[in-house]
Structures are given as C-alpha cells and as structure tokens.
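Q: Please take a close look at one part of this model and its surroundings. I would like one connected account, going through the surface and then the geometry.

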Amino acid sequence: MDIQTITDKINYKTARVQKLQAEIKALEKTRVQLENEEIINAVNEANIPISELKNLLTSLKERNGAI
C-alpha cells in the first residue's frame, strides 16, 4: 500500500466514525425524550399535581434510599 491509499482509508474511516457518533447522539436525544414522556404520562395518570410532585419524589427517595 502507498501513502495515499492509507490516507484515503483514514479519511473514510474518520468520516464514518463521525457519522456514527452523530447517529448515537441523535438516538440518545430520542431516548431522553421518550423517557421524559413516560415520566410525564405516569404523573398525569396518577393525577399528581405538579406542586406536590417534588415533595412526593423527595419522600420516596428518603424512604427507599433511591428512586
């Protein structure tokens, strides 16, 4: 192999890694959005007023050691 071939392979693989990293970032963002929607739906289904939510979570955390 010559230097140009190696350089081309490096450039190709670097571009591929960057593309995959961007895809991972987008997937992580989607996962966070879905987790947030799940939390919001659970709170809405339980009819918990937002004003009481923080106190409820704090008391659960203290009682169980973690949420």
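A: A residue is called exposed when its relative accessible area is over 50%, buried when that area is under 20%, and partly exposed in between. The model is a predicted one. The part to look at is helix α1, which runs over residues 3-45.

I3 belongs to helix α1. I3 counts as exposed because its relative accessibility is 69%, and the cut-off for that class is over 50%. I10 is also found in helix α1. With a relative accessible area of 49%, I10 is partly exposed, since that value falls between the limits of 20% and 50%.

I10 takes part in a nonpolar surface patch together with M1 and I6. The area of this patch is about 340 Å². Membership in a patch requires over 30% relative accessible area, and the 49% of I10 satisfies that.

A second patch is positive and is formed by K9, K13, R16 and K19. Two of its members can be described further. K9 has its place in helix α1 and is partly exposed, at a relative accessible area of 41%. R16 has its place in helix α1 as well; its relative accessible area is 42%, so R16 is likewise partly exposed. An α-helix has 3.6 residues a turn, so residues three or four places apart point the same way.

Next comes the span of the helix. The 43 residues of α1 should cover 63 Å at 1.5 Å a residue. The end C-alpha atoms of α1 are 63 Å apart, so the model agrees with the expected value. Within the chain, R16 and Q33 are 17 residues apart, and their C-alpha atoms are separated by 26 Å.

Just after α1 comes N47, which takes a positive phi of about 55°. N47 is not a glycine. Most residues other than glycine have a negative phi. N47 lies in the loop between α1 and α2, and it counts as exposed because its relative accessibility is 65%.

Beyond that loop is α2, residues 50-64. Helix α2 has 15 residues and reaches 21 Å from its first C-alpha to its last, close to the 21 Å expected at 1.5 Å a residue. After α2 comes G65, with a positive phi near 85°.

One distance relates α1 to a residue further along the chain: the C-alpha atoms of I3 and K61 are separated by 59 Å, and the two residues are 58 apart along the chain.

How values were computed:
Residues are numbered from 1 along each chain as its sequence is written. This is a predicted model: local features need pLDDT of at least 70, side-chain atom pairs count only at pLDDT 80 or more; totals for chains, interfaces and linings use all residues. Side-chain values use heavy atoms; hydrogens and water are left out. Patches are made of residues with over 30% relative accessible area and no salt bridge: like charges are joined within 9 Å, nonpolar side chains (Val, Leu, Ile, Met, Phe, Trp, Tyr) within 5 Å. Accessible areas come from the Shrake-Rupley method with a 1.4 Å probe; for residues, only the protein chains shown count as cover. A salt bridge is a side-chain nitrogen of Lys or Arg within 4 Å of a carboxyl oxygen of Asp or Glu. Helices (H or I, at least four residues) and strands (E, at least two) are DSSP runs, numbered from the N terminus. Buried means under 20% relative accessible area, exposed over 50%, partly exposed in between (1.4 Å probe, protein chains only). Lys and Arg count as positive and Asp and Glu as negative; His and the chain ends are not counted. The place of a charge is taken as NZ of Lys, CZ of Arg, CG of Asp or CD of Glu. The expected span of a helix is 1.5 Å times one less than its number of residues.
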